[in-house]
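Thank you all for making the time this morning. I would like to walk slowly through one structure, taking a few places in turn and saying what can be said about each.

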Amino acid sequence: MIINQIQLQIDAGIRYESEVLLAKSNKNHLMVEMLSAQKEYNNSSAELLKLLNITDAIKVVCKDSVILPLDYDLTITENKDSAFLNRPEIKAYELEIAALQMKSKTYTKGLLIPDININTYGSYFGGLNGAVIPMDPVSNPSTTQLYPTSSLNLSFGWNVPIGELIYKGDRNKYAAKMRIKELQKDQFKVEINQQILLAKSNIQTGQEQMEIADEGLKFSGEALSQSMERQKLGTAQPFELFQSQQFYLKAQLDYLKSVTEFNKAQFSLKYAKGSPF
């Protein structure tokens with residue numbers, strides 16, 4: 001539209017040919033920026049499909065045309081134990097420690113559990129050798145008579161590893177593994193605290209950025225409106241209108257980026273707290 005207006009003024013002898021060339025150059029620059037934004041959008045879409053493990057030929061389409069700042073209730077209390085308990089990484093460390101504790105009991109309390117042996121013996125034709133006292137002398141008066149016989153033996157045994165009781169090698173090994181897991185869990189708690197502090201700082205900074213960007217957007221929008229009115233009256237130079245458009249577009253991008261960073265900071269805080277999304 002602006003190019004057509006400048007061309008009409010050139011035809012009327014009011015403007016110069018170089019001005020319409022600059023206008024066309026500015027238009028091509030904006031088209032290149034638009035294609036670059038489309039390329040970045042396609043790359044982000046492909047990365048999202050990869051994270052979601054979607055292998056089919058699906059294209060992600062942005063439905064919302066306006067990005068609004070989120071407003072979560074993310075109040076952090078002084079006691080961060082709830083944040084620690086909600087993180088799946090902490091739960092994984094605790095399960096690993098519990099598994100090592102259970103395994104180490106085989107070298108402590110497990111030694112008190114005996115082995116049970118059950119032996120049975122049975123013979124249809126009596127004893128294997130020698131004379132057998134009849135089980136029922138009345139019905140079987142002869143010691144050489146063949147008759148069924150059987151026996152059952154039950155025994156308990158303890159395997160006591162002397163070397164393990166003296167040197168405690170396996171118990172010390174599992175104690176060291178549990179200590180390593182405890183240190184890793186404590187180190188990860190420090191990392192959680194850092195994530196929470198960083199996310200809170202980014203939220204505060206993001207709020208300030210949004211306020212400044214919103215104010216700049218209003219200033220540039222008003223300047224663009226005034227430049228367009230002056231262009232209609234013929235009192236504004238084309239460069240002034242182009243510059244006003246560029247400043248307005250930059251102000252829009254600044255505001256969108258500030259809102260995006262603010263929302264990302266809030267999601268980061270939810271992740272740090274272990275809250276469900």
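Let me start at F188, which, once residues up to four places away in sequence are set aside, touches R87, E89, I90 and Y93. Please keep in mind throughout that this is a predicted model, and that the values I quote are computed from it.

F188 also belongs to the largest nonpolar core, which has 15 residues, and it is among the five members that touch the most others, together with I192, I196, I203 and L269. Which helices build this core? At least two residues each come from α3 (81-86), α4 (88-104), α6 (169-233) and α7, and the largest share, 6 residues, is supplied by α6.

Two of the residues that F188 touches, R87 and E89, are themselves paired, since they form a salt bridge in which the closest N and O atoms are 3.2 Å apart. Are these two partners buried or exposed? R87 counts as buried because its relative accessibility is 1%, whereas E89, at 23%, counts as partly exposed.

The whole structure holds 5 salt bridges, and I will mention two others. The side chains of E96 and K181 meet at 2.8 Å, N to O, and this pair links distant parts of the chain, with E96 in helix α4 and K181 in helix α6, 85 residues apart. E96 has a relative accessible area of 34% and is therefore partly exposed, and K181, at 22%, counts as partly exposed too.

The other bridge joins K218 and D214, with the closest N and O atoms 3.6 Å apart. Here the partners are 4 residues apart in helix α6, so they are separated by about one helical turn. K218 is exposed, with a relative accessible area of 56%, while D214, at 27%, counts as partly exposed.

Turning to helix α7, which covers residues 238-273, we find Q246 there, and with 31% relative accessibility Q246 counts as partly exposed. Although Q246 and N26 are 220 residues apart in sequence, their C-alpha atoms are 9.4 Å apart in space. N263 also has its place in helix α7, but N263 is buried, with a relative accessible area of 10%, and, leaving out residues up to four places away in sequence, it touches I67, L68, P69 and L70.

N26, the residue just paired with Q246, is one of the buried residues of α2, the others being E19, V20, A23, S45 and L49. Helix α2, residues 17-51, has 35 residues and spans 52 Å from its first C-alpha to its last, which is close to the 51 Å expected at 1.5 Å a residue. Just after α2, N53 takes a positive phi of about 60°.

Finally, let me move to the surface, where I116, I118, L152, L154, F156, W158 and V160 form a nonpolar patch with about 800 Å² of accessible area together. Which strand gives the most to this patch? It is β2, with 3 residues, although β1 (115-123) and β2 (149-157) each supply at least two.

F156, a member of the patch, lies in strand β2, and G157 is found in that strand as well. G157 counts as partly exposed at 22% relative accessibility, and, neighbours within four places in sequence aside, it is in contact with P114 and D115. The C-alpha atoms of G157 and I116 are separated by 6.5 Å, with their positions 41 residues apart along the chain.

Terms used. Residues are numbered from 1 along each chain as its sequence is written. This is a predicted model: local features need pLDDT of at least 70, side-chain atom pairs count only at pLDDT 80 or more; totals for chains, interfaces and linings use all residues. Side-chain values use heavy atoms; hydrogens and water are left out. Buried means under 20% relative accessible area, exposed over 50%, partly exposed in between (1.4 Å probe, protein chains only). Patches are made of residues with over 30% relative accessible area and no salt bridge: like charges are joined within 9 Å, nonpolar side chains (Val, Leu, Ile, Met, Phe, Trp, Tyr) within 5 Å. Accessible areas come from the Shrake-Rupley method with a 1.4 Å probe; for residues, only the protein chains shown count as cover. A salt bridge is a side-chain nitrogen of Lys or Arg within 4 Å of a carboxyl oxygen of Asp or Glu. Contact means heavy atoms within 4.5 Å. A nonpolar core is a set of buried Ala, Val, Leu, Ile, Met, Phe, Trp, Tyr and Cys residues joined through side-chain atoms within 4.5 Å. The expected span of a helix is 1.5 Å times one less than its number of residues.
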